[in-house]
Amino acid sequence: MLPAAAALAHFGLSLHVLSNGHPIEDSYILYIYSESLASGHGITYFKGGEHAEGATDFLWMMLLGAGSFLGVDVAVAAAALNTLGLVVLGYLAIALLRRRYEGKTLVAASACALLGIGSSQIAACPWRDF
């Protein structure tokens with residue numbers, strides 16, 4: 001329950017940041033490639049441009065492209081997939097810590113800290129003028 005609640009907060013913060021800023025650098029470039037792939041133009045930066053291998057993470061581009069193909073904004077898809085990853089890590093952390101430690105306080109604090117680390121990546125964005 002705790003990782004899910006922290007994930008909701010993380011996703012909400014992600015959407016707030018996206019509504020008040022703009023992705024830059026590698027993330028923006030990868031979003032362009034993902035959208036181009038989803039719209040049937042292949043891995044290109046410009047519509048009708050040469051096919052390139054400019055994406056730094058092929059699997060991530062494919063996942064974001066699938067989201068774009070389904071009509072989800074690429075940045076929102078990235079935020080949702082990041083949040084999903086944090087939920088999985090949170091539950092794994094709880095499962096591993098429960099085996100090792102008896103105290104539930106430590107387990108809860110560790111799960112929140114793990115999810116907080118993901119949120120700190122959003123807070124550290126240079127385009128976070130919100």
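Which residues of H3 are buried? In this predicted model, the buried residues of H3 are Met 61, Leu 64, Gly 65, Gly 67 and Ser 68. Viewed down the axis of H3, these buried residues fall within an arc of 155 degrees, so they line one face of the helix. On the other side of H3, Leu 59 and Phe 69 are exposed. The cover over the buried residues of H3 includes helix H2 (25–38) and helix H4 (74–100).

It helps to place this helix in its setting. The chain holds 5 helices and 0 strands, and its elements run α-α-α-α-α from the N terminus on. Of the 130 residues in the chain, 32% are buried. Among contacts between residues at least 6 apart in sequence, 64% join residues at least 24 apart. The chain exposes about 8200 Å², and carbon and sulfur atoms supply 64% of that area.

A word on confidence is useful here. The average pLDDT of the chain is 76, and 75% of the residues score at least 70. Among the elements, H3 has the highest mean pLDDT (90), whereas helix H5 (residues 104–123) has the lowest (61). Where pLDDT is low, the predicted coordinates should not be read in detail.

Helix H3 itself covers residues 58–69. At 1.5 Å a residue, its 12 residues should span 16 Å, and the end C-alpha atoms are indeed 16 Å apart, so the two values agree. At the start of H3, a side-chain oxygen of Asp 57 comes to within 3.4 Å of the backbone nitrogen of Leu 59. After H3 comes Gly 71, with a positive phi near 95 degrees. Leu 63 is also found in H3. Because its relative accessibility is 40%, which lies between the 20% limit for buried and the 50% limit for exposed, Leu 63 counts as partly exposed. The C-alpha atoms of Leu 63 and Val 74 are separated by 9.5 Å, with the two residues 11 apart along the chain.

Val 74 leads on to H4, where it is one of the buried residues. The others are Ala 75, Ala 77, Ala 78, Ala 79, Thr 83, Leu 86, Val 87, Gly 90, Ala 93, Ile 94 and Leu 97. With 27 residues at 1.5 Å a residue, H4 should span 39 Å; its end C-alpha atoms are 39 Å apart, which agrees. At the start of H4, a side-chain oxygen of Asp 73 reaches to within 3.1 Å of the backbone nitrogen of Ala 75. An aspartate side chain is thus found at the start of H3, where Asp 57 approaches Leu 59, and at the start of H4, where Asp 73 approaches Ala 75.

Helix H2 completes the picture around H3. H2 has 14 residues and reaches 20 Å from its first C-alpha to its last, close to the 20 Å expected at 1.5 Å a residue. Its buried residues are Leu 30, Tyr 31, Ile 32, Tyr 33, Ser 34, Ser 36 and Ala 38, and the buried residues of H2 pack against H3 and H4. H2 is followed by Gly 40, whose phi is positive, near 90 degrees. A glycine with positive phi thus follows H2, in Gly 40, and H3, in Gly 71.

Key
Residues are numbered from 1 along each chain as its sequence is written. This is a predicted model: local features need pLDDT of at least 70, side-chain atom pairs count only at pLDDT 80 or more; totals for chains, interfaces and linings use all residues. Side-chain values use heavy atoms; hydrogens and water are left out. Helices (H or I, at least four residues) and strands (E, at least two) are DSSP runs, numbered from the N terminus. The expected span of a helix is 1.5 Å times one less than its number of residues. Buried means under 20% relative accessible area, exposed over 50%, partly exposed in between (1.4 Å probe, protein chains only). The arc is that of the directions from the helix axis to the C-beta atoms. Contact means heavy atoms within 4.5 Å. A polar contact is a pair of N or O atoms within 3.5 Å; within protein, one must be able to donate a hydrogen and the other to accept it, and residues adjacent in sequence count only if both atoms are side-chain atoms. Accessible areas come from the Shrake-Rupley method with a 1.4 Å probe; for residues, only the protein chains shown count as cover. pLDDT is the predictor's confidence in each residue, from 0 to 100.
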